[in-house]
Amino acid sequence: MNKEILEKYAELVYKIGVNLQKGQGVEIDCSVENAEVAEVFTEVGYKLGAKLVNIRWNYDKTAYLNYKYAETEALAEVPEWFIKSKEYLMEKGFCRIAIDSEDPFAFKDIPAEKLGAVSKARSKALKKYSDCIMSNGIRWCVVSVPSKAWAEKVFPNDAHPEDKLFDEIIKTMRLNCDNPIKNWENHIAEMDKHAKFLNENAFEYLHYENSLGTDIYVGLADDHVWLSAQEEAKDGVKFVANIPTEEVFTCPHKEKINGKVYSALPLSYNGQIIDKFSLTFKDGKIVDYSAETGYDALKSIIETDEGTLSIGEAALIGKNSPIAQSGILFYNTLFDENASCHLAIGKAYPTTVRNGDKLSEKELLEKGANDSVEHVDFMIGTPDLKVTGIRKDKSEAVIFTDGEWAI
Ligand code: ZN
Ligand code: ZN
């Protein structure tokens, strides 16, 4: 990877992503395969004023061996020191950067029940930390760089798949221009404009329709707020949690979802692929589902807890975003979710309800915001998707036609 581009990449993540403040600590999750990326991030972090840059290393191949040989009980046990180390970051106001490069098929021959049980136990143990992340208690940003295995899945016939994938990632991150920071400020302003329209209209329902057979009414939570790329953390400092991001999103009402929705793209979950699936909802709950591929993985998501029977996010993304235009299936939610309108099974972001970060769990539930240990995005936006907003007085406005913003 070209060092100059990596430096621009890191600068974007620090300035627009976590919005690093002078004297702030940074923790970075990174694969050992991408040690050179971590090195650039460490140096750029210090140059931009970080107090301390700490790397938390991970490695798909040893994680796989753990899943293969260790018992579920051993894997599911989360040591107290690990939980404490995460909570330390919250207390000390560190920001967190996740540099993701996961091979989407890394765990494909591990039973879905084992992956599900471990992931459920870990999510439970780390709920305080993940709640803090979800309610913007600290500033965080998720980005991606290629790993060999991931790049070979995306470009199996290319002589240099890692270079090719990195080039595509650079394009989706809008880094292929003279002034990426300025470019991002403009992009954020455009998304804010859409969010403002949706907030002013305060729709009660969204009606999604397309030729796959999707015909679903998604009620929106009481006092829901549409957010876009830039959010405000609890300390009042703005940040962008995902780069790239194209989405404008809000909180559905967990009891007001009725109809059937079909997936538009495969979903890569815990190293498994779930494809060509549908979910049927009645009064907010999934009452039926099917999948041509990955039924067991879908089942394990839906059966995780009470909250995985419903959804916690509705996001709108136009089909002309750089990711959608690339036509590439990245097998990675960070990219694929930004290629298409999506919903998420599981927990709602408290910040998508007005003053949600100050409300109790009970108050959030009363407004219709879903709670769960899971949050799994799945893509539903097709090039012919129509989305109509329905106001409380039953008047309507078309928000999306032919998969693109109509406002
Ligand atoms: Zn989303
Ligand atoms: Zn989501």
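This passage describes the metal site, the nonpolar cores, one strand residue and the cysteines of a predicted model. Residues are numbered from 1 along each chain as its sequence is written, while chains are lettered from A and ligands numbered from 1 in the order in which they are written. Local features need pLDDT of at least 70, side-chain atom pairs count only at pLDDT 80 or more, totals for chains, interfaces and linings use all residues, and side-chain values use heavy atoms, with hydrogens and water left out.

The zinc ion (ligand 2) has as its protein donors Glu313 (OE), His375 (NE2), Asp377 (OD) and Asp377 (OD), at 2.0 to 2.7 Å. Donors are N, O and S atoms within 2.8 Å of the metal (3.2 Å for Na, K and Ca); water is not among the atoms, so sites may look incomplete. Along the chain, the donors of this ion show the spacing E-x61-H-x1-D. Glutamate 313 belongs to strand 14 (residues 311-316) and histidine 375 to strand 16 (residues 375-379), so that this pair, 62 residues apart, links distant parts of the chain; strands (E, at least two residues) and helices (H or I, at least four) are DSSP runs, numbered from the N terminus. Glutamate 313 also bridges the zinc ion (ligand 2) and the zinc ion (ligand 1), which lie 3.3 Å apart. Glutamate 313 is buried, at a relative accessible area of 2%, where buried means under 20%, exposed over 50% and partly exposed in between (1.4 Å probe, protein chains only).

The largest nonpolar core holds 102 residues, among which Tyr9, Tyr14 and Tyr208 touch the most other members. Helix 1 (residues 3-17) gives the most to this core, with seven residues. A nonpolar core is a set of buried Ala, Val, Leu, Ile, Met, Phe, Trp, Tyr and Cys residues joined through side-chain atoms within 4.5 Å. A second, separate core has eight residues, including Tyr67, Phe107, Ile110 and Leu115.

Leucine 206, in strand 5 (residues 205-209), is buried at 0% relative accessibility. Apart from neighbours within four places in sequence, leucine 206 is in contact (heavy atoms within 4.5 Å) with residues including Ile216, Trp226, Val387 and Ile399.

Zero disulfides are present, a disulfide being a pair of cysteine sulfur atoms within 2.5 Å. For cysteine 95, the nearest cysteine sulfur, that of cysteine 141, is 9.5 Å away. Cysteine 95 is buried, at 0% relative accessible area, whereas cysteine 177 is partly exposed at 23%. The sulfur of cysteine 177 lies 17 Å from the closest cysteine sulfur, in cysteine 141, and is therefore too far for a bond.
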